[in-house]
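User: I would like to learn how to read helix packing and buried cores. Can we work through an example, one feature at a time?
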Amino acid sequence: MMQDNLKQLEAAYEIIKNNKLIEIDEKKNDIEILRHAKRLVRVSLPIVMDNGSIRVFEGYRVQYNDARGPFKGGLRYHPEVDEDEVTSLAFWMAIKCAVADIPMGGGKGGIIVNPKELSKTELEKLTRALARALAPVVGPLVDVPAPDVYTTPEMMSWFKDEYSKIVGVDSPAVITGKPLTDGGSKGRDKATGLGAVYALEAYLEKTDKKEITVAVQGFGNAGLHFAELSHPEWKIVAVSDSKSAIYNEAGLNIADLIKHKEETKSVVDFPGSKNVTNEELLALDVDVLVPAALNSVITEKNWENIKAKTIVEIANGPIALPESKKLADKGIVIIPDVLANSGGVVVSYFEWRQNLDKESWETDDVNAKLKDKIRSAFAAIWDAKEKHNLDLRTAAYVLAVARILEAEQKRN
């Protein structure tokens, strides 16, 4: 994963340098800083299990870059967590925060564990042990974690509580994604999906299209909320989950589909639709395809089947890098993940800001601020795209890398 990130970093840097977008002293070689994570923390977490045995869990926290502000990024609990993945995602977070123009850097962490195999008591012990292990290197103005794969708002509260005990003062701003009752932000649960809606709206304003057909690959939290909050003129004709996909050319009733999924735990066999495969969904002739589930779902094996005119990447890295270029060369517009799914981190920043200022914003206020951030980010990316004849992904990286390098120059 990290190799792909470095390729995008180098490509962006060449464009910045060749077009003199910022002042660069090549002797200083500022870009070398961005080729490496600032800090990698490895932790070993001994836990007394429910049966009385002791088990030691391994984990990581990668703090990639903090030139623009405190490190920011999630904590994931997954059996396949490894150093390369966490480092790559920490780099991604630095880029994403710079794209959204929020004053935070990039971090990521994880524990090698299958949380489904642990009891709630064991998960709480594990999370509190992680907070104790990371306490020397996190803090409201240093590194602000958040939930990620298989971690929850309740776990964030455990982390905050344990950290607060260690430092001797209540510190809600040490972590985001908390429950509303413990300093969480209104609007956070739907922020990723809503941010993608705002990004697509901003793009469609550059075209003559208002009524569009959309296929959403992945009907989890982000994909579901994207579909739920979509414009009335947008016709959601297909969605999928981990079991299969459904399609209705006339459009799906999303409110009824959400009820169906709640009752049956799947979108399959939704009345009025036909079941199709995930690969068939990806190949539908729609205006917009929204990959909102896993990474690398569009690869060398299926990219030629894509018929959508626009792709909105809600998932992280749903298109393999070589195929992303091939699709862009083919004229398909890709609204990249570093913008399309940045709604979550933007509202996480809002939560952090509210905690520091001891404020609580209403949902409408949060959503309005989110819309402003996404639209402003899109406008800056579009401007870079037009000025330098780039695809949107490359333009986003150029914008982000330039902003980070400028921040590095100011502190060095």
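Analyst: Start with one residue and place it in its element. This is a predicted model. Ile381 lies in helix H13, which covers residues 363-388.

User: Is Ile381 buried or exposed?

Analyst: Check the relative accessible area against the cut-off. Buried means under 20%. Ile381 has 1%, so Ile381 is buried.

User: Which residues does Ile381 contact, beyond its neighbours within four places in sequence?

Analyst: Skip the sequence neighbours and read what remains. For Ile381 the list is Val99, Leu339, Leu392, Ala395, Ala396 and Leu399. A C-alpha separation adds a backbone view. Ile381 and Val398 are 17 residues apart along the chain, and their C-alpha atoms are separated by 8.6 Å.

User: How do I read a helix pair? At what angle do the axes of H3 and H14 cross?

Analyst: Take axis distance and angle together. Helix H14 spans residues 392-411. The axes of H3 and H14 come within 8 Å and cross at roughly 90 degrees. Angles of 65 to 115 degrees count as roughly perpendicular. H3 and H14 are therefore roughly perpendicular to each other.

User: Which residues of H3 and H14 meet?

Analyst: List each side, then sort by class. H3 brings Phe91, Trp92, Ala94, Ile95, Ala98 and Val99. H14 brings Ala396, Tyr397, Leu399, Ala400, Val401, Arg403 and Ile404. By class, this contact has twelve nonpolar residues, no polar ones and one charged.

User: Now H1 and H3. How are their axes arranged?

Analyst: Same reading, another pair. H1 covers residues 2-18. The axes of H1 and H3 come within 9 Å and cross at roughly 30 degrees. Under 35 degrees counts as roughly parallel, so H1 is roughly parallel to H3. The crossing is left-handed.

User: What does the contact of H1 with H3 contain by class?

Analyst: Residues first. Met2, Asn5 and Leu9 in H1 meet Asp84, Thr87, Ser88 and Phe91 in H3. By class, the contact has three nonpolar, three polar and one charged residues.

User: Last feature, the cores. Which residues touch the most other members of the largest nonpolar core?

Analyst: Look for the members with the most links. The largest nonpolar core has 94 residues, and Leu200 and Phe226 touch the most other members. Helix H3, residues 83-100, gives the largest share of this core, twelve residues. Another core, of 27 residues, lies apart from it. Leu118, Ala129, Leu130 and Ala135 are among the members of that other core.

User: What does Leu200 contact, outside four places in sequence?

Analyst: Leu200 is in contact with Ile212, Phe226, Trp234, Val288, Val312 and Ile335.

Technical notes. Residues numbered from 1 in each chain as written. Predicted model: local features only at pLDDT ≥ 70, side-chain atom pairs only at ≥ 80, totals over all residues. Heavy atoms only, no water. Core = buried A, V, L, I, M, F, W, Y, C linked by side-chain atoms within 4.5 Å. Buried < 20%, exposed > 50% of the residue type's maximum accessible area, 1.4 Å probe, protein only. Helix = DSSP H or I, 4+ residues; strand = E, 2+ residues; numbered from the N terminus. Contact = heavy atoms within 4.5 Å. Axes fitted to C-alpha atoms, helices over the stretch in contact; angles between N-to-C directions. Parallel < 35°, antiparallel > 145°, perpendicular 65-115°, else oblique. Left-handed = near helix turned anticlockwise from the far one by under 90°. Nonpolar A, V, L, I, M, F, W, Y, C, P; charged D, E, K, R; others polar.
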